[in-house]
Amino acid sequence: MEVVIVGAGTFGGSLAWWLARSGDSVTLVDQFEPGDLRASSGGETRFYRCAHGPDTEYTAMARRARALWHELEEESGQELLVECGFAWFAHREDGWEAASERTLIAQGIPVEHLDTSSAAELYPTFGGDDLAFVLYEPDGGVLRAERSMKTLAAQAVSHGARIVRGRARPEGATVVLEDSTRLHGDVIIWACGPWLPKLFPDLVSLRVTQQEVLFFDGGPAWRAPDIPVWVDYEQSRCGTADIDDAGVKAFTDDEGPELDPDAELPTTTRTEEFVRTYLGRRFPALAEAPLLRSRSCRYELTADTRLIGAPHPDQPSVWIVGGGSGHGLKLGPPMAELVATAIAAGTTLPAGFALGQRSGSESLRTASSSRSS
Ligand SMILES: Cc1cc2nc3c(=O)[nH]c(=O)nc-3n(C[C@H](O)[C@H](O)[C@H](O)COP(=O)(O)OP(=O)(O)OC[C@H]3O[C@@H](n4cnc5c(N)ncnc54)[C@H](O)[C@@H]3O)c2cc1C
């Protein structure tokens with residue numbers, strides 16, 4: 001099968017890897033290099049976790065992701081997934097974290113219910129008086145984002161894929177590059193992240209927002225390899241220890257202002273004050289930690305935070321994949337598996353992956369609400 005994939009982010013890159021190693025002839029097109037900071041999959045790290053509240057489907061998909069990222073690591077010799085553990089700070093005994101715990105246990109995924117004094121041992125400093133408990137995923141951690149994107153593309157190439165650099169637009173069931181070159185395939189996949197609504201305005205509904213990530217100098221204590229990722233779901237604050245000397249990462253998952261995918265990413269910082277306030281309360285030694293740098297990236301949010309993966313209604317050989325909604329990077333490989341299996345079988349994915357308008361809760365993100373801070 002000849003396949004043209006536009007977009008070398010987590011979804012396009014994973015599909016290229018998956019299909020090329022299955023023996024398909026793959027052309028992967030992108031306007032940027034894989035891992036570019038302007039793409040939603042670029043940058044240092046992304047969280048890897050299985051907890052998704054009561055959602056059994058995304059919990060299982062995240063667990064499958066772990067096996068597939070490990071397969072890619074084995075194949076490439078690259079270290080992509082850092083399993084430093086993942087801690088959820090629960091403010092109530094019966095909230096989202098408790099629902100996650102039940103789902104994880106039901107699926108046999110390792111999880112621990114820690115009291116706050118045990119949780120304090122996970123971090124160099126810790127203030128947990130306001131917490132009911134901490135839900136700990138020992139297999140959670142982070143994915144090295146840019147390295148993962150480069151590895152997906154490199155492994156696709158090692159299985160015979162061709163990479164084409166350029167900006168593309170759809171014309172029926174063909175891909176047209178800026179120099180008017182036309183690419184044809186038995187299957188065309190548009191995995192264009194925040195750009196999808198520009199390419200398919202009648203089919204894809206996404207909010208594209210500017211998000212910030214901040215990096216602080218936490219000193220040597222925060223460079224230990226086994227300090228877990230942390231998320232305060234109710235207060236929408238999250239972060240990691242200092243991984244790969246990038247600094248202690250902290251940010252809010254609240255929805256930022258809308259930002260065109262082609263606009264420059266802002267370089268000023270608008271969230272430092274309230275991220276720092278949270279850090280100082282939760283990890284007192286970080287209260288005065290110098291800000292090393294901040295950077296912006298884009299969320300591409302579906303209204304229900306669920307992924308998109310469906311054929312074009314008028315062009316069944318054309319698929320549209322994306323809608324990562326602030327949690328999708330880790331799901332690239334299992335989504336590729338699902339989409340590739342559906343294409344091979346001539347079927348579609350369940351209705352939850354459909355194109356068009358969505359409604360429903362945003363519970364798959366690492367924040368209980370999308371409000372702006
Ligand atoms: C701050 C932040 C934190 C996040 N945290 C997490 C997390 O902790 N865990 C997690 O799993 N996920 C997280 N995410 C979400 C996740 O990173 C994204 O949802 C996911 O990476 C999107 O992948 P994608 O392949 O859909 O899009 P992208 O990575 O944007 O890839 C799309 C590609 O298509 C290309 N493209 C677009 N249009 C065209 C065109 N016309 N012609 C040629 N090329 C084109 C672009 O150049 C781009 O490379 C986070 C995202 C951000 C921004």
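The largest nonpolar core of this predicted model holds 72 residues. Within that core, I5 and I189 touch the most other members. The surroundings of I5 can be listed. Leaving aside residues up to four places away in sequence, I5 is in contact with G12, L15, A16 and L19. I5 also touches V26, T27, L28 and V29. I189 completes the list, so that the two residues that touch the most core members also touch each other.

The largest pocket has a volume of about 770 Å³. Its lining comprises 47 residues. Nearest the centre of this pocket lie A39, S40, S41, R298 and E300. Several secondary-structure elements each give two or more residues to the lining. The helices among them are helix 1 (10-21) and helix 6 (196-199). The strands are strand 2 (25-30), strand 3 (45-48), strand 14 (207-216), strand 17 (248-252) and strand 18 (291-301). Strand 18 gives the most, with five residues. By class, the lining has 18 nonpolar, 17 polar and 12 charged residues.

The second largest pocket encloses about 170 Å³ of space. Its lining includes Q31, F32, R38, R167 and W195. P261, D262, A263, E264 and L265 line this pocket as well, as does R298. R298 is also one of the residues nearest the centre of the largest pocket. By class, the lining of the second largest pocket has five nonpolar, one polar and five charged residues.

Methods:
Residues numbered from 1 in each chain as written. Predicted model: local features only at pLDDT ≥ 70, side-chain atom pairs only at ≥ 80, totals over all residues. Heavy atoms only, no water. Core = buried A, V, L, I, M, F, W, Y, C linked by side-chain atoms within 4.5 Å. Buried < 20%, exposed > 50% of the residue type's maximum accessible area, 1.4 Å probe, protein only. Contact = heavy atoms within 4.5 Å. 1 Å grid on protein atoms, 1.4 Å probe; cavity = no way out; pocket = protein on both sides within 12 Å on 5 of 7 lines; lining within 4 Å. Points joined across faces, edges and corners; volume = space filled by probe spheres on them. Helix = DSSP H or I, 4+ residues; strand = E, 2+ residues; numbered from the N terminus. Nonpolar A, V, L, I, M, F, W, Y, C, P; charged D, E, K, R; others polar.
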